[in-house]
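Please look through the structure below with the following explanation beside it, which goes from the meeting of two chains to the interior and then to the cysteines.

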Amino acid sequence: MKFNNINVRISPLATIGKNVKIGDNTVIYDHVVIKDNCIICNDCVIGEPLNDYYNNPEYTNPVTEIGENSIFRSHSIIYAGNIIGQNFSSGHRVTIRENNIIGKFCNIGTLSDIQGYVTMGNYCRLHSNVHVGQDSKIGNYVFLYPYVVLTNDPHPPSNILKGATIGDYSIIAVHSIILPMVKIGKCCLVAANTTVNKDFEDESLIVGSPGKKIGTVRDIKSRENPEKFHYPWMYNFERGMPWQDEGYDEWLKNNM
Amino acid sequence: MKFNNINVRISPLATIGKNVKIGDNTVIYDHVVIKDNCIICNDCVIGEPLNDYYNNPEYTNPVTEIGENSIFRSHSIIYAGNIIGQNFSSGHRVTIRENNIIGKFCNIGTLSDIQGYVTMGNYCRLHSNVHVGQDSKIGNYVFLYPYVVLTNDPHPPSNILKGATIGDYSIIAVHSIILPMVKIGKCCLVAANTTVNKDFEDESLIVGSPGKKIGTVRDIKSRENPEKFHYPWMYNFERGMPWQDEGYDEWLKNNM
Amino acid sequence: MKFNNINVRISPLATIGKNVKIGDNTVIYDHVVIKDNCIICNDCVIGEPLNDYYNNPEYTNPVTEIGENSIFRSHSIIYAGNIIGQNFSSGHRVTIRENNIIGKFCNIGTLSDIQGYVTMGNYCRLHSNVHVGQDSKIGNYVFLYPYVVLTNDPHPPSNILKGATIGDYSIIAVHSIILPMVKIGKCCLVAANTTVNKDFEDESLIVGSPGKKIGTVRDIKSRENPEKFHYPWMYNFERGMPWQDEGYDEWLKNNM
């Protein structure tokens, strides 16, 4: 049904790996490198030229790299200058501005908007409609839920651009806001609709506006089984994670 | 101006009713059934193949049904496996994932994202940019305003998937969040920016984070006429509702 | 790379100025007037017909005017009936419904949704994913940050349609909601995640849900230099503003 090679445009300066499928109406611009076994669905734009393109007749598109086994769902716009690791997957209508460095096995959901100059580790999951401001630093195994916003301007509008930092294994629930320069430690849980305006240490459970630490994530009992505790979540969730099948402790031991 | 039959692709396995208009650049995939008098605007995708399509050479697209007199505005993506009732209307860039059952006379606004496996009654109005998580159950005559999120994972990330339930005639105002497993009764009003983390009975007026019942909807005086009360809203609003012209009481009597 | 004249459709009833670039797959409908030196990127729709088009065989598209030197990034949908001033710029996937009057040098970010019948002054900056309800009145030099919502129905659902009013130089931070009929004075700062439900005077610093005045913007010390104050911001930010290079006081003197 898909991949009929209708209205596809691929720059002669792009490099397309083996067994790559490219959907109808998709455009691949100059200096895009797509590694093997990727799927670029319909109506995508990969390597969107930067703003300078419109004014500078000498403009050259920076290199864009898409790791192997990645899939971009339809209508995604990926600017030039991104380095995206292997086994990436996107939802529909994702917008990824220029010059992000995104690790492997990341997933960015429908309508999410990555503003550029962001670093993201491996195995991150951004659900639908997440907004990541420029200069954000996102660790590994981080989950950002719908309508989460990471900001970067402490005095809007100003010329200061200092993003937030999210530690490994941390979870930010729906509609929460991380204010500029904030550092969230490892394995924290930011509850729904929280506004985080200061730093928090590892394993903090953060609630409210402004967000306060009301305990540690280890205090949270499982709703399914009140005898059990859910966090650190790595012991209770492994779908798509590198410790899948093996278990977190065993994996950690083998990967130290 | 529209409907020039340019770059339209309709699967030979789709069934298109009488007097259906299909916009330029629109794709209709296998086993889509579009009933009479529908309008599918430009750049839409109806019957988007599920994820399995990319890996399974034996993949068959499930049936998608679009009821008569429906209109989908441009750039909407409707996955396969949806059953959508008559007189549906969508805004632009709506994303409807697979296997929802949506009643008749519903309206889903621009950028809204229905995650799949949702049931929705009749005459619901979802405004722009509403996010409905999997396994949500939405009654009849429900209004969800912009940036409302219905969630489904009580311990993110976990393998539990238990959506919220919204009763008939309930109204959720802008930017509110309904947490997993929550049941909101009939004819409730959830104020703007509320985080609802527990169940509420019929006609509750719910405010705050976490949401508290501060009275019933019958306490709210009309701003237009302080002698009058606005809720239950069915007595004061009938545009597009089945009791239009007839009045709510009369309609109820005739439809018991 | 862009502007290959592929699959472009321009109505013979549209008027296109000098040195206008129109991207691939873009549609320009009847009675659109695009002034000189504009760039309309790929996959845009300018002059989208109003709802009446689908039912009324006598439908005539109202005039749409796009001021000179404007740029619309890809996948933007601009309805017919808009009057947009010079040097406008949009992000991707912007939706602008009918009959707004938008001043000059405005910028509307990716995914933003302007619902129609809005007035907006000059030099406004709407970042990504801002939702502006019908009948909103936005002054000059106003900044609206991601996920801000301006609403218009005091008793949802009702037939009342009374938008908010935002004074010149006011700043609304991320995820804030302005409730219907609210008037925000000039040079106010609405903090992140605030719900504004009443009027505020000029230079108010507004925080919380419901929003309260906790001081004036002149109380806020600069994070970069604690000896200095950032607001009124016009003295500390001039990028893209008419007082750039000259300074705010000097510009004000010369433009009285």
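In this predicted model, chain A and chain B bury about 3400 Å² between them, 55% of it on carbon and sulfur atoms, where buried area is the accessible area (1.4 Å probe) that two parts lose on being put together, summed over both. Of the area that chain A buries against chain B, 22% comes from Met1(A), Arg93(A) and Arg223(A), more than from any other three residues. Residues are numbered from 1 along each chain as its sequence is written, and chains are lettered from A in the order in which they are written. Local features need pLDDT of at least 70, side-chain atom pairs count only at pLDDT 80 or more, and totals for chains, interfaces and linings use all residues, while side-chain values use heavy atoms, without hydrogens and water.

Across this interface there are two salt bridges, each a side-chain nitrogen of Lys or Arg within 4 Å of a carboxyl oxygen of Asp or Glu. Arg9(B) forms a salt bridge with Asp24(A), and their closest N and O atoms are 3.0 Å apart.

How many disulfides does a search of the whole structure find? The search finds zero over all chains, a disulfide being a pair of cysteine sulfur atoms within 2.5 Å. The sulfur of Cys106(A) has its closest cysteine sulfur in Cys124(A), 4.5 Å away, which is too far for a bond. Cys106(A) is also buried, with a relative accessible area of 1%, where buried means under 20%, exposed over 50% and partly exposed in between (1.4 Å probe, protein chains only).
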